[in-house]
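Trainee: Please take me through one part of this model in close detail, and state the cut-offs behind each term as it arises.

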Amino acid sequence: MTKILFVCLGNICRSPLAEGVLRHKLVAAGLQDSIEVDSCGTSNYHIGDLPDPRTRNNAASHGVILTHRARQLEPSDADTFDYILAMDEKNLANSEALFRQHGKKPKHLGLLRAFEEPPTQAAVPDPYYGSAEDFEAVYQIVDRATEGLLRHLSK
Ligand code: 4NP
């Protein structure tokens, strides 16, 4: 079993979307029993919340239903997950700092879009203060990046 964790700030926009989109692709590929996926936030702002209604509506328009409840990144995630993939450099740095403080060494900690084809160090942009178009742009990025990730995992 390979375990993937996506990380953003609030765990209500980008990372629960990445979780839902990848899970949708895993089911389509028949890989849902060999690859597990979860998401979390580096902040405690929205613990227990469903994804933002704008994210849920946008995802639903693409046939992806999101039911995740927000949780905060915790030190033991470094032991549990094979890949911990952040949406941007800030959340990557904060994840690294949390694990370092607790003496944890994650197997793979990096950026989601490093798996996009072609790979990029660019962020999945934070849509929280944006428009419906920004939420759709995030969906398109997450769709492309998780497609590249799935291809990598299927090798
Ligand atoms: P996310 O978006 O990190 O993609 O879940 C955000 C959600 C909430 C906030 C910021 C970004 N916030 O400031 O509450």
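Mentor: Arginine 54 lies over the face of tyrosine 128, 5.5 Å from the ring centre. A charge sits over a ring if NZ of Lys or CZ of Arg is within 6 Å of the ring centre and within 35 degrees of the ring normal. The model is predicted: local features need pLDDT of at least 70 and side-chain atom pairs count only at pLDDT 80 or more, while totals for chains, interfaces and linings use all residues. Residues are numbered from 1 along each chain as its sequence is written, and side-chain values use heavy atoms, with hydrogens and water left out.

Tyrosine 128 also belongs to the lining of the largest pocket, together with Cys8, Leu9, Gly10, Asn11, Ile12, Cys13, Arg14, Tyr45, His46, Asp126 and Tyr129. On a 1 Å grid over the protein atoms alone, a pocket is an open set of points with protein on both sides within 12 Å along at least five of seven lines, a cavity is a set where a 1.4 Å probe fits but cannot get out, and lining residues have an atom within 4 Å of a point. The space in this pocket is about 170 Å³, where grid points are joined across faces, edges and corners and a volume is the space filled by probe spheres set on the points. Its lining comprises seven nonpolar, three polar and two charged residues. Here Ala, Val, Leu, Ile, Met, Phe, Trp, Tyr, Cys and Pro count as nonpolar, Asp, Glu, Lys and Arg as charged, and the others, Gly among them, as polar.

Two of the lining residues can be compared by accessibility. Tyrosine 128 is partly exposed at a relative accessible area of 29%, whereas tyrosine 129 is exposed at 78%. Buried means under 20% relative accessible area, exposed over 50% and partly exposed in between, with a 1.4 Å probe and protein chains only. Asparagine 11, by contrast, is buried at 0%. Asparagine 11 has a positive phi of about 60° although it is not a glycine. Most residues other than glycine have a negative phi. Asparagine 11 is placed in the loop between strand 1 (2-8) and helix 1; helices (H or I, at least four residues) and strands (E, at least two) are DSSP runs numbered from the N terminus.

Helix 1 covers residues 14-28, and its 15 residues should span 21 Å at 1.5 Å a residue, which agrees with end C-alpha atoms 21 Å apart. The expected span is 1.5 Å times one less than the number of residues. Eleven of the 15 residues are buried, so helix 1 is largely enclosed by the rest of the structure. Among these buried residues are Arg14, Leu17 and Ala18. Alanine 18 has a relative accessible area of 0%, and its C-alpha atom is separated by 9.2 Å from that of valine 37, 19 residues away along the chain.

Leu17 and Cys13 also line the largest cavity, with Thr55, Asn58, Pro127, Phe135 and Val138. About 40 Å³ of space lies in this cavity, and the count of cavities of 30 Å³ or more is one. Its lining divides into five nonpolar, two polar and no charged residues. Helix 2 (53-61) and helix 5 each supply at least two of them.

The aromatic contacts remain to be described. Rings of Phe, Tyr and Trp (its six-membered ring) pair if their centres lie within 6.5 Å, and planes under 30 degrees apart count as stacked, over 60 as edge-to-face and the rest as tilted. The count by this rule is two aromatic pairs. In one, the centres of tyrosine 83 and phenylalanine 115 are 6.0 Å apart with planes at 75°, so the pair is edge-to-face. Tyrosine 83 lies in strand 3 (residues 83-86) and phenylalanine 115 in the loop between strand 4 (109-111) and helix 5 (132-154), so this pair ties together parts 32 residues apart in sequence. Tyrosine 83 is buried at 16% relative accessible area, and phenylalanine 115 is buried at 11%. The other pair returns to the pocket: the rings of tyrosine 128 and tyrosine 129 have centres 5.0 Å apart and planes at 85°, so they too are edge-to-face.
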